[in-house]
Amino acid sequence: MKNRYFGEFGGCFVPELLIPPLLEVEAAMNEILPAPDFQSELDDLLRNYAGRPTPLTLCSTLSGELGFNLWLKREDLLHTGAHKINNTLGQALLAKRMGKTALVAETGAGQHGVGTSAAAARLGMACTVFMGADDVERQSANVMRMKFLGAEVRAVESGTRTLKDAINEALRYWISNQRTTHYCFGTAAGPHPFPTLVRTLQCVIGKETRAQFVETKGKLPDAVVACVGGGSNAIGIFHPFLEDLSVRLFGVEAAGIGDPGCFNSAPLNLGAPGVLHGNYTMLLQNNDGQIEPSSSISAGLDYPGVGPEHAWLQKSGRVRYEMVKDANVLAAFHHLCKTEGILPALESSHALAFVLNHPLHFAPGSDVVVNLSGRGDKDLGIVVKSLEGE
Ligand SMILES: Cc1ncc(COP(=O)(O)O)c(C=O)c1O
């Protein structure tokens, strides 16, 4: 396997039984994915099925309040409601070309599960989705959507009953079913080649943003901001700007409740390096190296690890990683609804909350793009509950 590290981060630390299917995915990524006929079929699906290109919306009311121009990259408008479909269509198509007949996936907020279920249905493949039992409860609308789309949803009762445990079970399932099944990994983490494969498929967000911005303003934006769970929407929008040092890049992690001693989902800010799910990266862990539970109001950010490329971008200093608390996330959610008529996912509200709470980071008149990674319909129950608790 080549190019599997980002600095010292990344790698492929997996049981031997997973090496053959990972090599198969790596070969497909290098040989099938770049081929013109594959790219044109994927482009057609992204355009005519998923709804690309997504708009870049200037928030006029919020920009007036903030004193700089706030733009939203509208991944919330994609089919199935989030950026996850960029990755699932790409991997499903790749799997089909590899001769697989089924997909397995993990999901946290359910958006990747819904994206995988839709891609499987569209391409005539079977689909099994593992989801932590706590997430099954808090994201029940997405569970229903996956079932209607033909997927089998398996609730995972082990561990913290969230995304980490769903990934463990999906990897186990893949070991036993690798001949027929592709593991459609949902974020830019996990063992090589997934961080590179998922980033390659999500880069469509950043490439489009760059072209749209240049077309509209004749220049690049001054800053790009994205929430970071495993890191796929963030690396997708950041990567095409990495060489443009005038563009400041901010990744935003979940601080959870934010009180000292309480759990959070901010491994880059509060973790230490270690190995989880096949790669060496920043992790929430105790002094013995045992993984600490994560916690966030948004199921999609509730993960104790992060993609290895983000660990490297933090270490190299190219991207700055910040944290926001649940309370600020909810306030940002309500503010965007009221000022701009857009209902954001709680994950994406983290990126927005950082900008709303730190306006002095951005010069007056500058242009700041927030990646609105998904829509908030799936989160209405959580927001209503938070209001009841007030
Ligand atoms: C809308 C949305 N944004 C962001 C994320 C976080 O994932 P990632 O960091 O891979 O973009 C999720 C995960 O489910 C999500 O549903």
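Entry 1. Before looking at helix packing, I fix the convention for angles: axes are lines fitted to C-alpha atoms, for helices over the stretch in contact, and angles run from 0 to 180 degrees between N-to-C directions. I note also that I am working with a predicted model.

Entry 2. With that convention I looked up α14 and what it packs on. I find that α14 lies across β4, β9 (223-227), β10 (248-256), β13 and β14. Its direction is at about 135 degrees to β9.

Entry 3. I then traced the sheet that holds these strands. I read an open sheet of 6 strands with mixed pairing, in the order β3-β4-β14-β9-β10-β13. Its edges are β3 (56-58) and β13 (319-325), each of which pairs on one side only. Ignoring direction, I record an average turn of 25 degrees between neighbouring strands of this sheet.

Entry 4. I examined one pairing in this sheet. Strand β4 (residues 69-74) and strand β14 (residues 367-372) run parallel and are joined by 6 bridges. As a point of register, I note that L70 stands opposite V368 in β14.

Entry 5. I turned to the division of the chain. The protein chain is split into domain 1 (5-46 + 84-194) and domain 2 (52-81 + 202-388). I find 22 Å between the C-alpha centres of domain 1 and domain 2. Across the boundary, 36 residues of domain 1 are in contact with 40 residues of domain 2.

Entry 6. I asked which elements make up the side of domain 1 that touches domain 2. At least two residues each come from β2 (9-10), α4 (84-97), α5, α6 (133-138), α7 (140-148) and α8 (163-177). Of these, α5 gives the most, with 4 residues. I sorted the residues of this side into 16 nonpolar, 16 polar and 4 charged.

Entry 7. I next looked up the surroundings of the ligand. There are 21 residues around the ligand, and G229, S232, G300, E347 and G374 come nearest. Two or more residues of this shell are given by each of α5 (111-123), α10 (232-238) and α14 (346-357). The largest share is that of α10, at 3 residues. By class, I record 7 nonpolar residues, 13 polar and 1 charged in the shell.

Entry 8. Where does the ligand lie with respect to domain 1 and domain 2? I conclude that the ligand lies between them, because both domains give residues to the shell around the ligand. I note two helices that recur in these entries: α5 serves both the ligand shell and the side of domain 1 that touches domain 2, while α14 contributes to the ligand shell and lies across strands including β4 and β14.

Definitions and conventions. Residues are numbered from 1 along each chain as its sequence is written. This is a predicted model: local features need pLDDT of at least 70, side-chain atom pairs count only at pLDDT 80 or more; totals for chains, interfaces and linings use all residues. A residue is near a molecule or strand if its C-beta atom, placed from the backbone, lies within 6 Å of it. Ala, Val, Leu, Ile, Met, Phe, Trp, Tyr, Cys and Pro count as nonpolar, Asp, Glu, Lys and Arg as charged, and the others, Gly among them, as polar. Domain bounds come from an automatic or database domain assignment. Two residues are in contact if their C-beta atoms, placed from the backbone, lie within 7 Å. Two strands pair if DSSP finds at least two bridges between them.
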